[in-house]
Amino acid sequence: MTDRSLPQVALESTLITHGLPYPRNLELARALEAEVRAHGAEPRTIGVIAGEPVVGLTDDQLVHLATTQGVRKVSRRDLPVVVARGLDGSTTVAATMWLAHRAGIRVFATGGIGGVHRAVEGATYDVSADLHELAQTPVLVVCAGAKAILDLPATLEVLETLGVTVVGYGTEEFPAFYSRHSGLPVDVRCDAPEEVAAVWRARQRLGLPGGLLVAVPVPPEAEIPAEEIEPTIRQAVREATDRGLRSGEVTPFLLARLAELTGERSVQANMALLLNNARVASALARALAQADGP
Ligand code: PSU
Ligand code: MN
């Protein structure tokens, strides 16, 4: 049962259906919930079951999403479609933020956000709805930055254009998911949950709409250095372009290809950073709740 007296932490479900293969996806979904509970907060994994948005999936529903083939990946624009048609859906960062906000949840832990895709010759314009959601919806999103499958400088430029403040948690650099470093600066470095809470409250007092992006580097022992993974990324991006993939197909293809090409190592890094983000999000949720209730 959901304990609503505790600070709440939202979790997404696209990483369950499109991020990792079964049974790792289910193990991870359960481990993330356990990690949030172990750190004094209540996990609420979000998804859509038979057209019903669910904020706090049951274990049976996690099993259902983790084991069912062809569950639709649902971003903001897809939400009305799966609801109207009574379909199952796994929610991206954008759709999870929206449903979390509607349920009164302020803190959300994920792995990597979507962003601006790399422009390879012949590729089309592709910018994730996650960035626009951060500009509109008041939720703190804890992530390990964005994967270097994306154009990271362009992603940060779009976040700036949209007025999204980017916090580096214990770092001055925007982390690149598998790698702790990108060479790209964040807007502010915070070293404690209370410091992040202060930036959040300042945004609220100023009446600024939208969320806050809190970027936490992957734990050092799980890191894959950028120069090691870059050739693999280039290969995957090239293959996606050659196949003419479009829209929501691109990110899942790149993630799956990278997992195939790098093997167990990228899966280990992915799990380590997700668990770490769940811990940081729980601490943030507690810090916010201490100031103004769960
Ligand atoms: N990046 C990752 N792992 C993921 C995703 C992104 O490293 O699982 C998922 C998230 O759910 C994110 C979505 O919100 O992909 C972005 O998809 P798109 O680029 O189509 O917006
Ligand atoms: Mn896209």
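1. Let me start with helix 2, whose buried residues pack against strand 1 (8–11), helix 1 (14–19), strand 2 (42–49), helix 3 (59–67) and helix 11 (264–292). Please keep in mind as you read that this is a predicted model. The buried residues of helix 2 are Asn25, Leu26, Leu28, Ala29, Leu32, Glu33, Glu35 and Val36. Two glutamates, Glu33 and Glu35, are on that list, along with Asn25, and you may like to look at them on screen.

2. How well does the length of helix 2 agree with 1.5 Å a residue? With 15 residues, helix 2 should span 21 Å, and its end C-alpha atoms are 20 Å apart, so the two values agree. Just after helix 2 comes Gly40, which takes a positive phi of about 75 degrees.

3. Now for the charged pairs: the structure holds 15 salt bridges. As general background, side chains of opposite charge can pair when their charged atoms come close. One of the salt bridges belongs to helix 2, where the side chains of Glu27 and Arg24 meet at 3.9 Å, N to O. The cut-off for a salt bridge is 4 Å. Glu27 and Arg24 are three residues apart in helix 2 (residues 24–38), so about one helical turn separates them. Both partners are partly exposed: Glu27 has a relative accessible area of 45%, and Arg24 has one of 21%.

4. A second salt bridge within a helix joins Glu260 and Arg257, at 2.5 Å from N to O. These two residues are three apart in helix 10 (residues 250–262), and therefore about one helical turn lies between them. Are the two partners buried or exposed? Glu260 is exposed, with a relative accessible area of 55%, whereas Arg257 is buried, at 18%. Elsewhere, salt bridges that share partners join Arg24, Glu27 and Glu264 into one network, which brings us back to the pair in helix 2.

5. Asp191 and Arg189 form another salt bridge, with their side chains meeting at 2.9 Å, N to O. Asp191 counts as partly exposed, at 46% relative accessibility. Arg189 is partly exposed too, with a relative accessible area of 37%.

6. On the aromatic side, the count comes to one aromatic pair. The rings of Phe177 and Tyr178 have centres 4.9 Å apart and planes at 90 degrees, so this pair is edge-to-face. Phe177 counts as buried because its relative accessibility is 3%, and Tyr178 counts as buried at 4%.

7. Which charged ends sit over rings? The charged end of Lys147 sits over the ring of Phe177, 3.8 Å from its centre. Phe177 thus has Lys147 over its ring and Tyr178 as its edge-to-face partner. The charged end of Arg76 sits over the ring of Trp98, 5.2 Å from the ring centre.

8. Last, the cysteines: how many disulfides are there? The count comes to zero. Cys143 is in no disulfide, and the nearest cysteine sulfur, that of Cys190, is 14 Å away. The cut-off for a disulfide is 2.5 Å between the sulfur atoms. Cys190 is likewise in no disulfide, its nearest cysteine sulfur being that of Cys143. Cys143 is buried, with a relative accessible area of 0%, and Cys190 is buried at 1%.

Note on methods. Residues numbered from 1 in each chain as written. Chains lettered and ligands numbered in written order. Predicted model: local features only at pLDDT ≥ 70, side-chain atom pairs only at ≥ 80, totals over all residues. Heavy atoms only, no water. Phe/Tyr/Trp six-rings, centres within 6.5 Å; stacked < 30°, edge-to-face > 60°. Buried < 20%, exposed > 50% of the residue type's maximum accessible area, 1.4 Å probe, protein only. Lys NZ or Arg CZ within 6 Å of the ring centre and 35° of its normal. Helix = DSSP H or I, 4+ residues; strand = E, 2+ residues; numbered from the N terminus. Expected span 1.5 Å × (residues − 1). Contact = heavy atoms within 4.5 Å.
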